[in-house]
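Trainee: Can we go through this one together, strand by strand? I'd like to see how the pieces fit.

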Amino acid sequence: MSTPERAPERADPEPLRDLPAGFRVYPKSMSAHPSAAPISDTRVCVTGASGFIAAHIVRDLLARGYRVRGTVRDPDRKADLTFLTALPGAAERLELVKGDLLDAKGWDAAVAGCEYVMHTASPYQVDVEDPQRDLVEPAVRGTRHVLDACLWAGVKRVILTSSMAAITDEPDNRHVLTEADWNTKSTLDRNPYYFSKVLAEREAWKMVKEEKAPFELVVINPFMVIGPSLSAGRNTSTQLFVDLARGAYPGILSLTWGFVDVRDVSEAHVRAMETPSASGRYLCAGERLSMRDVLRVMREVGVRGKLPTLGLDNAAGTALVKLLSWFQPKGAGSYLRSHLGRVPAYDNGKIRRELGLEFRPARNCVLDTIEDLRQRGLIQVS
Ligand code: NAP
């Protein structure tokens, strides 16, 4: 597998500025960051390039010297895409082309001449009007469209952004989750976003294993992705912090997540592409934090707003919130009923061993997320 030659280590991406007292910046050496490699002829297609995770992948690929072809739904919205087109190396090595997951057209051209394809595009929303139309169709048909195009383009390896949602929709701390686990419980009515992710990943494996697609498939299964955003927009996972600050939660709920920084998720994708021996699925999650833990950090650094104080993270609180969940929008309601009171247990050893990935400490991910949201005016810090 040809990869561009590595140049000496380059500096980390730009540090977060104007840190209020109490903030710690994540140490630069924790994960090998992209180096200013010589310009390469290797072209990589990144689908959904304007997304939270994909934008970091685009940046890291450019920094490593690759040529990148990113797909976006509307490449003519140039003003909204400057956060990509202004990236270092973008003027010379980034092209943006149209790609709509629901439309078979355009994908052959998008992947033509690409050695690798990072398929990250997929709708990420908990509540939608019509789960089949709005989540499952774009996720599954989109995966099929992109991978079908790869069949004919001589693509060597596809890296698919799946999710922890394809591993389980009901974590259980008596069972340590690994890459061998599959979510078998989600449906259109129960965690439909999870359903879309498990169906899309299964579709990709079906093409490779049963239909003998000629490319390799490597899958990244991230848990809760947070960290700084390259675009001005909001994203579903960091919205948790905004919602906590604006008083959207009635109390401190018994919810626990495995956090992973978006920069580590990007690094995982690039390593999955560059490591010849990479194979199968990679559970991608660092440390766990509960909602109470997250709130403690938010308070410590002075996040202002209506942070919840009422402790509902006990048996009685969980029973009450489960009851109230029936009055929530369908997606949020089923998420609460399947996650409240459950502490996920998982083993991230495979990605650390095989791709050499080290995860940023969860507390640092939270601090960097708060700082990013503060800089973008989405939360206030005193
Ligand atoms: P995001 O910012 O919402 O990115 C989703 C991307 O998919 C966007 O670029 C979006 O394009 C694109 N997309 C959605 N529907 C599309 C369609 N019909 N046609 C073409 N493009 C479409 O969310 P993200 O967090 O970066 O998610 C990226 C991937 O990571 C997704 O596959 C998601 O399931 C997965 N993931 C995310 C997390 C997390 O916590 N964030 C965790 C695990 C897995 P527009 O910008 O045009 O809407």
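Trainee: Which residues of S5 are buried on one side, and which on the other?

Mentor: Quick housekeeping before that: this is a predicted model, where local features need pLDDT of at least 70, side-chain atom pairs count only at pLDDT 80 or more, and totals for chains, interfaces and linings use all residues. Residues are numbered from 1 along each chain as its sequence is written. Strands (E, at least two residues) and helices (H or I, at least four) are DSSP runs numbered from the N terminus, and buried means 20 or more other C-beta atoms, placed from the backbone, within 10 Å of the residue's own (12 or fewer is exposed, in between is partly exposed). Both faces of S5 are covered, with buried residues Arg157, Ile159 and Thr161 on one side and Val158 and Leu160 on the other.

Trainee: Why is S5 largely enclosed by the rest of the structure?

Mentor: Count its buried residues. S5 is largely enclosed because the buried ones number 5 of the 5.

Trainee: Which residue in S5 stands opposite Val117?

Mentor: Look at S4 (residues 116-119), which runs parallel to S5 and is joined to it by 4 bridges; strands pair if DSSP finds at least two bridges between them. Val117 sits opposite Val158.

Trainee: And what does the chain cross through from S5 to S6?

Mentor: S5 and S6 pair in the parallel sense over 5 bridges, with Ile159 opposite Val218 in S6. The β-α-β crossover between them is right-handed, that is, clockwise from the first strand over the helix to the second with the strands pointing away from the viewer. The helix on that path is H6.

Trainee: Which elements do the buried residues of H6 pack against?

Mentor: H6 covers residues 192-209 and reaches 25 Å from first C-alpha to last, close to the 26 Å expected (1.5 Å times one less than its number of residues). Its buried residues include Tyr193, Phe195 and Met207. They pack against H5 (131-153), S5 (157-161), S6 (216-222) and H11 (330-339).

Trainee: Over to the ligand: which element gives the most to the shell around it?

Mentor: The ligand is surrounded by 25 residues, the closest being Gly48, Gly51, Phe52, Ser122 and Val225; near here means a C-beta atom, placed from the backbone, within 6 Å. Helix H1 (52-63) and strand S7 (224-226) are the elements giving two or more residues. The top contributor, with 3 residues, is H1.

Definitions and conventions
Contact = placed C-beta atoms within 7 Å.
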